[in-house]
Every structure is written in C-alpha cells, then in structure tokens.
Amino acid sequence: MAHHKEDDATGDETNISTQPLSYNPSEPPPVYKVGYPPQKNLTTEFKNTLRETFFHDNPLRQYKDQSGSTKFKMGLQFLFPVFDWGRTYNLSKFKGDLIAGLTIASLCIPQDIGYSKLAYLDPQYGLYSSFIPPLIYAAMGSSRDIAIGPVAVVSLLLGSLLQNEVDHEKNKEEYLRLAFTATFFAGITQAALGFLRLGFLIEFLSHAAIVGFMGGAAITIALQQLKYVLGIRNFTKETDIVSVMESVWRSVHHGWNWQTVVIGFTFLAFLLLAKYIGKKNKKYFWVPAIAPITSVILATLFVYLFRADKHGVQIVNNIKKGINPSSLHKIYFTGPLVAKGFKIGVVCGMIGLTEAVAIGRTFAAVKDYQLDGNKEMVALGTMNIVGSMTSCYIATGSFSRSAVNFMAGCRTPVSNVIMSMVVLLTLLVITPLFKYTPNAILGSIIISAVIGLVDYEAAILIWKVDKMDFIACMGAFFGVVFKSVEIGLLIAVSISFAKILLQVTRPRTALLGNLPGTTIYRNTDQYPDARHVPGVVIVRVDSAIYFSNSNYIRERILRWLTDEEEKAKAEGLSRINFLIVEMSPVIDIDTSGIHALEDLNKNLQKRGIQLLLSNPGSAVIEKLHSSKLTEHIGSNHIFLTVADAVRFCTSKSMQEP
C-alpha cells in the first residue's frame, strides 16, 4: 500500500512516519501508509470517553504531587474563591468596589420592587433576594463583575408558571410557598449541574434562540407595565400582546388615570434620556445608574406632597420592614405541589443559569480572565438553595446591573457585598419611605430596563449569518409575544433541537476537484477552478457517520455518482471507474455507518466501480479494521491522501487496454 504525501494533507489523526530530513525533488516522493492506532481495551476507552465528556479541563491536575494540607487548602479555595482573591485584597480595590456597590444598589432597589410585581410577590421579596444571595455568591462565585439579584425575564417566567398552578390572589400563602419551593429546586438543579459537570446541557439553547426569547420577554414585560403606567385597575392576566392590547383599548375611555399617565410617561422619558446620555458618553455611566432611584424619590415626593393617591394614583403602600425571615418551613417537600415546584424550578433555574453564565463570560472576556462555568453553577445553585430558605425567590446575574458594576470600576465580588449592605439598610430603615411610591414609576423603570433586551442588531446579524438560526430566533420571539413565555421557551428549545437533528441527520457532502498545478483537492462549489478528474468521482463527507445519517450519506454519495455519470455520458467523457470518499472530516463511525459503507461498496461492485477511501482518522480506521471492512474494500484501496488515491486511479486507467 504505497502512497505519497499531499502538499496540504490534514492527517493529524493518522500515524504518519517521519519524513526524511533530506529529499531530492527528482527522486520519487517519500512513501507513507495509513496508520493503525494501538488497540485499546474497553476499560481504557470508557475512561477516555468519560474524561473527555466531563473532565476535559482536567480539574484535578493542580492537586497532583501536593501534600494533604495543601490539597485541603486548594479545595477550599476552589469551593470558596474568596479565600484566593481575598489574600491580595487591598484598599485600592475596596475603593473601586465601594463606588460600584453603591451605584448598583441605587439601581437595584427600585428594580427589585418592580420585578417582585412581575412574579406576583410582595415588594419586600424582591429586596430580600438582593440581600442574602449576593453574599453567598461573593464567597463562592468566580466572576468579578456579575451583580446578583432578581431579573425581569426570570421574574416574569416564574410568575407566569406559578400563576398557572396557583392563583396569587385567592391562595396567596400557597402561591408564596410554591415560589420558595420552585426557588429551592432551581438551586438544586443549578448546583447539581455544576457538581456533576453537566454544564454543557445549557448549551443546547442556542444563542439565536436566547436572543429571540429575551427580546420577546422584554416586549411582554413592557406591555405588562402598561397597567401601572396608565393606571388601569382591571387588567388581563394573560401575557400575549393581543390580550394586553385589547385590555388597554377597552379601558381607554374610563379606565385610564391621567395623573398616573403624566407621572409614568414623564419619568419614562427622563429614564430613557438618562440611558441615552450614558450610552453616548461612557464617562457618564453613573447617570442611567442613579436615574431610577432619583425618579423614585421625586415621584414619591410628588405623590406625598400633592396626595395624588387620593386622585386614583396607585401606590406601593407599606413594604414589610425587617430582614429576611426564615422560610424553610414553607418549602414543600411532600404533597402534590412538590412535582409542580420541581418542574417550575428546573425551567427557571436553567434560564437563570444561561443568562448568568453568558453575562459572566462576556465580562470575563473583556477583562481577560477565566470563568469556570461549573464553579459558577455551584455558586448560583447554592445561593438559590439558601435563598429559598430565607424568603428569597430566584436570583441570578442581571445584565443591566452587571454592566453598571463593570463601568463603575468593580474589582472583586465585594461590590455585591456593598450592594447587599445597602439593601439591608433599606430593609431595616428606609422601607416605610416607599409607601407613597407610585406604581407608575416602577413600571417606567422596568420598561426602560428591559428595552435593552430587544437586541435587534444581533437579530440582523443572525439573519445575515445563518437563516436557520434566524428562524429559531423569530420562533422564540413570536412565541413569547403572541402566546406566552413558556410557549416561547418551548419553541426556542424545540427549534434548537430541530436544528441539531437536521445537522446530524443531513450532514453536508461535497464534490471535490483538483486545483490546477497542485495536488490539492477542494470543493468545486467553493473553488470553481477545481477540475474534475476523468473517470474519477471524489466525494467528501463532512460529518461523523452514525445510525442517524448513514443511509442518507450512502444515498447522497450514490446521487453524486449518478449525476457525474450522466454528465460524463452527455459530454462524451470516459466512464466513471472509481469513487474516492475523502474521510478526513469523519471523526467517528458506528456499526450503522459501517453497514452503509458495506452496502455502498456492494452497489459499486455491481456497477463495475471501485471504492477507495482517503485519510480515515484513527477512530474510523480502527473500527473499519475491526469490522473486516478493510478486507472487503481491500487494504490497497485505502490511502493517506486524495492525491495518492488519484495517482492510483490514473495508473490503473493507463494499464487498461
């Protein structure tokens, strides 16, 4: 089996002998053979597969050759990164964290009160969720920039799913208990994914689907705030755009409160102007950060001085004073609502996890440090487990607050601690001052916050890059806007899986031709100058060959062959005698794939055509050899490069009379 080296051979996975140090172009090229990898027993193969699936980053390598005490210290630092970065913490870093913490606190307090309404919970629960969880994350999280607390999308999703099970008005206590139960199971899900190193599962929700889902959720959230901004008392409980707009239109003559409208739209304009200023000039990042709390103070003062609440302006009323009470006894561990809490918790936990990890990776890339995804999941899960026991609902990383945290110059997670302390002060002292805060201002704050989630630029880019991704994006968007958040999420996941299945079951194949003057063979669609070799068809398979696509690949190769035969006959060219299958991109093959190649070989033999294989990788050649397929095809018909296979075909054709 003598073969020659191709100029650009991509034989990474094959065992190639060393090229001679000196080589005369006038002499025949050096001879290489397709290598067979060493045999592996079942245990070794299973260990390698397990390691690459769950421990590809080799997390235990740093513990090698360390003493017991050192290993314990390193393990403690792994679970609690605060013991690592805390050793080098200094006053300079604290100054940055102090400014950032105070800035995000001014943003989070009004947002928390508003987001709790999205989840159909009393305002204090939003504040509770920005007190305990950030403290847990500061000790266990690996991101320096994430700001922890309730977020709009998860709040809306949680409220929507809970409301489907229990009415928050008729069964308020049961609703609250189910919210804590869902939060507990969200934390269990997140922590389990981290401990079991199953973080890759969240990757199944594609970026395009997330863009569409977030955009649709933002529109839905903004529409829900119309009841507060317009002062409508009898508002639909549905979230789809048709029901919301019908409810708004039915109330136009008698349900709107003009004082509320003035407050809502005046401060919405102020908030959008502040956001524009901050976006236009980065050094004014603090303007949109303090705008919400400034709006709350001014609006509350206005309502109190003019007693606008007496004229139909709806206000927050009393927010319960004091720190988080224990809620462990309120979590359902038995009974019919456990399964419902588990289901809601898993869904919300996965969405919260996806958002937090995406935010963390974004800012880690900007600051050039590594973020351990599995460690993040454990930290987020732990804080939600503890949070469920201390009257919190699901918290995660907030993009708007994290962006402000980053712009304010945060250095470590201590900024979360500062924010948490301000929230604590608010719970202990300031909550009575929110009594006259109008709901309209909270609605305006939420609308201004979620507008940024409608990323139309990303949608345009997705359209330009991948039309299938765009379908996933729009499917998720319209599913949320016209039906419900859970339907939109279901559509997003379904389309993401459909795309994976389509790519797996219908992989690409390409017809290759020779680039003139070289021994390089490339896709004729991509390189129109690539010439077909007379009497030879060269097909490349751009995928692993599994049970899900083996029949399609066999039929697609035969269709390529048939097309070329008809073309050769029509143009009066020599008949096709050889079919070369380029297997460099085929990373693996299973028994169904091997059977498909056997069937292909038998079909070709009936037609008087010889099958040749080029550059099968180590995993593939090992399985072909074990199945005896190499004997059926002939070991002298398996080549290291396409160029070698073509030379063989040419020499055979010249030998024929």
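These notebook entries record what I looked up in one predicted model.

**Entry 1. Nonpolar cores**

I began with the largest nonpolar core, which holds 92 residues. I asked which of its members touch the most other members. They are Leu121, Leu158, Phe213, Ile221, Ile344, Cys348 and Ile351. I then looked up which element gives this core its largest share, and found helix H8, residues 172-195, with ten residues. Apart from this core I noted another, of 32 residues, which includes Ile553, Leu604, Ile609 and Leu640.

**Entry 2. Cys348 and the cysteines**

I returned to Cys348, one of the core residues that touch the most other members. With neighbours within four places in sequence left aside, I found Cys348 in contact with Val154, Leu157, Leu158, Leu161 and Ile394. Leu158 thus appears here as a contact of Cys348, and it is also among the core members with the most such touches. The relative accessible area of Cys348 is 0%, so I recorded the residue as buried.

Why is Cys348 without a bond to Cys392? The sulfur of Cys392 is the closest cysteine sulfur to that of Cys348, but it lies 15 Å away, which is too far for a bond. A disulfide would need the two sulfur atoms within 2.5 Å. I checked Cys392 in turn: its nearest cysteine sulfur belongs to Cys108, at 13 Å, and Cys392 is in no disulfide. Cys392 is buried as well, at 1% relative accessibility. For the structure I counted zero disulfides.

**Entry 3. Thr390 and its loop**

I located Thr390 in the loop between helix H15 (373-388) and strand E4 (396-398). Is this threonine buried or exposed? Its relative accessibility is 17%, and it therefore counts as buried, the limit being under 20%. A polar atom of the Thr390 side chain lies 3.0 Å from the backbone oxygen of Val386. Leaving aside neighbours within four places in sequence, I listed Ile132, Asn324, Pro325 and Ser327 as the contacts of Thr390.

**Entry 4. Annotated spans**

I consulted UniProt, where an unreviewed entry lists residues 175-196, 208-226, 256-277, 284-306, 377-396, 417-434, 440-463 and 470-498 under "transmembrane region". I examined two of these spans in the model. Residues 284-306 are 91% helix and 0% strand, and their end C-alpha atoms lie 33 Å apart. Residues 377-396 are 60% helix and 5% strand, with end C-alpha atoms 10 Å apart.

**Entry 5. Aromatic pairs**

I counted 16 aromatic pairs in the structure. For Phe184 and Phe333, the ring centres are 5.4 Å apart and the planes stand at 85°, so I entered the pair as edge-to-face. Where in the chain do Phe184 and Phe333 lie? Phe184 is in helix H8, while Phe333 is in the loop between helix H13 (286-306) and helix H14 (337-367). The two are 149 residues apart, and the pair links distant parts of the chain. Phe184 is buried at a relative accessible area of 12%, whereas Phe333 is partly exposed at 48%.

Another edge-to-face pair is formed by Phe477 and Phe478, with 5.2 Å from centre to centre and 80° between the planes. Phe478 is partly exposed, at 41% relative accessibility. I also noted a cluster in which ring pairs link Phe184, Phe185, Phe333 and Phe342.

**Entry 6. Positive phi values**

Most residues other than glycine have a negative phi. I therefore recorded two residues with positive values, citing each in turn. Arg307 has a phi of about 45° and lies in the loop between H13 and H14. Its relative accessible area is 29%, which makes Arg307 partly exposed. Asn317 has a phi near 70° and is found in the loop between H13 and H14. Asn317 is partly exposed at 40% relative accessibility.

**Entry 7. Asp84**

Finally, I placed Asp84 in helix H3, residues 82-85. Its relative accessibility of 38% counts as partly exposed. The side chains of Asp84 and Arg87 are joined by a polar contact of 3.2 Å. I also looked up the separation of Asp84 and Leu490: they are 406 residues apart in sequence, and their C-alpha atoms are 40 Å apart in space.

Methods
Residues numbered from 1 in each chain as written. Heavy atoms only, no water. Core = buried A, V, L, I, M, F, W, Y, C linked by side-chain atoms within 4.5 Å. Buried < 20%, exposed > 50% of the residue type's maximum accessible area, 1.4 Å probe, protein only. Helix = DSSP H or I, 4+ residues; strand = E, 2+ residues; numbered from the N terminus. Contact = heavy atoms within 4.5 Å. Polar contact = N/O pair within 3.5 Å; in protein donor to acceptor, adjacent residues only side chain to side chain. UniProt positions renumbered as here; feature names shortened; annotations may be inferred. Phe/Tyr/Trp six-rings, centres within 6.5 Å; stacked < 30°, edge-to-face > 60°.
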